[in-house]
Amino acid sequence: RRARSCRLRARSRPLPVLRPNARARLPFDTPNRLILWGRLYLPWDLIAAPVIEWRDGFPWSPLTEDRSYLDEPMSQRFPTYSQADLSITKGFFLAGRPLRLGIQFQNITGNFNPRDVIASSASGRFGDFLNAQGTRIRFRSSARF
């Protein structure tokens with residue numbers, strides 16, 4: 001009786017995902033990428049630091065309901081990624097120590113840059129891209145000791 005209950009419990013566990021050997025792109029593959037950045041030293045001890053990035057989307061794999069590959073591994077790509085950021089800081093002295101305070105604007109243009117995809121073909125939303133960050137504003141500070 002004990003052996004039978006162990007066998008029943010073993011059958012209720014999902015089978016591991018074992019895929020055949022295959023060659024594919026790495027999940028961070030970006031064959032075309034352009035990054036521009038710089039620092040502009042402005043009057044009144046202001047520093048503006050723009051960053052512009054454009055690249056191909058990362059690859060992803062469409063999956064079936066049992067999590068096997070629907071197509072070739074890493075055969076699809078996320079949409080093209082493009083983002084512009086700007087950081088502006090101002091220098092101060094506090095108790096004789098240099099201090100920089102500022103503000104950072106991320107994704108100024110508000111582009112849709114998704115970070116997730118619904119990869120299961122069993123889903124009604126198969127292929128939908130999700131989790132894009134909109135425009136964000138952050139405060140920055142740095143101190144030297």
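This passage walks through the strand pairings, the two largest pockets and a nonpolar surface patch of a predicted model.

The pairing can be followed strand by strand, starting with β1. Strand β1, which covers residues 33-37, runs antiparallel to β3, and five bridges hold the pairing together on paper. One of the partnerships here puts R33 opposite R55 of β3. The short strand β2, residues 40-42, also pairs with β3 in the antiparallel sense, this time over three bridges. L42 faces L46 of β3 in that pairing. Three residues sit between β2 and β3 in their hairpin, and W44 has a positive phi there, near 65°.

Moving on, β3 (46-55) and β6 (81-94) are antiparallel partners as well, with 10 bridges between them. Two of the contacts can be named: A48 is matched with I88 of β6, and V51 with D85, again in β6. So β3 turns up in three of the pairings described here, with β1, with β2 and with β6.β6 in turn goes on to β7, which spans residues 97-106; the two are antiparallel over nine bridges. L94 has R97 of β7 as its bridge partner. The hairpin of β6 and β7 has two residues between the strands, and A95 takes a positive phi near 55° in this hairpin. From β7 the pairing continues to β10, once more in the antiparallel sense, over eight bridges. In that pairing, F105 is partnered by I137 of β10.

Next come the pockets. The largest pocket holds about 220 Å³ of space. It is lined by 15 residues, and those closest to the pocket centre are R55, Y81, N113, P114 and R115. R55 has already come up as the bridge partner of R33. In chemical terms, the lining of this pocket splits into six nonpolar, seven polar and two charged residues.

The second largest pocket offers about 150 Å³. Its lining consists of R39, I47, A49, S87, T89, R100, R140, S141 and S142. Strands β3, β6 and β10 (136-143) are the elements that contribute two or more residues to this lining. The largest share belongs to β10, with three residues. Sorted by character, the lining of the second largest pocket has two nonpolar, four polar and three charged residues. Of the strands that contribute here, β3 and β6 are paired with each other, while β10 is paired with β7.

Finally, there is the surface. L34, L36, I52 and W54 make up a nonpolar patch of about 390 Å². Both β1 and β3 supply at least two residues of this patch, and W54 belongs to β3. These two strands are also the antiparallel pair with five bridges described above. As general background, side chains in a regular strand alternate between the two faces of the sheet.

Taken together, β3 is a handy thread through the model: it pairs with β6, contributes to the lining of the second largest pocket and supplies residues to the nonpolar patch.

Notes: Residues are numbered from 1 along each chain as its sequence is written. This is a predicted model: local features need pLDDT of at least 70, side-chain atom pairs count only at pLDDT 80 or more; totals for chains, interfaces and linings use all residues. Side-chain values use heavy atoms; hydrogens and water are left out. On a 1 Å grid over the protein atoms alone, a cavity is a set of points where a 1.4 Å probe fits but cannot get out, and a pocket is an open set with protein on both sides within 12 Å along at least five of seven lines; lining residues have an atom within 4 Å of a point. Grid points are joined across faces, edges and corners, and a volume is the space filled by probe spheres set on the points. Ala, Val, Leu, Ile, Met, Phe, Trp, Tyr, Cys and Pro count as nonpolar, Asp, Glu, Lys and Arg as charged, and the others, Gly among them, as polar. Helices (H or I, at least four residues) and strands (E, at least two) are DSSP runs, numbered from the N terminus. Two strands pair if DSSP finds at least two bridges between them. Patches are made of residues with over 30% relative accessible area and no salt bridge: like charges are joined within 9 Å, nonpolar side chains (Val, Leu, Ile, Met, Phe, Trp, Tyr) within 5 Å. Accessible areas come from the Shrake-Rupley method with a 1.4 Å probe; for residues, only the protein chains shown count as cover. A salt bridge is a side-chain nitrogen of Lys or Arg within 4 Å of a carboxyl oxygen of Asp or Glu.
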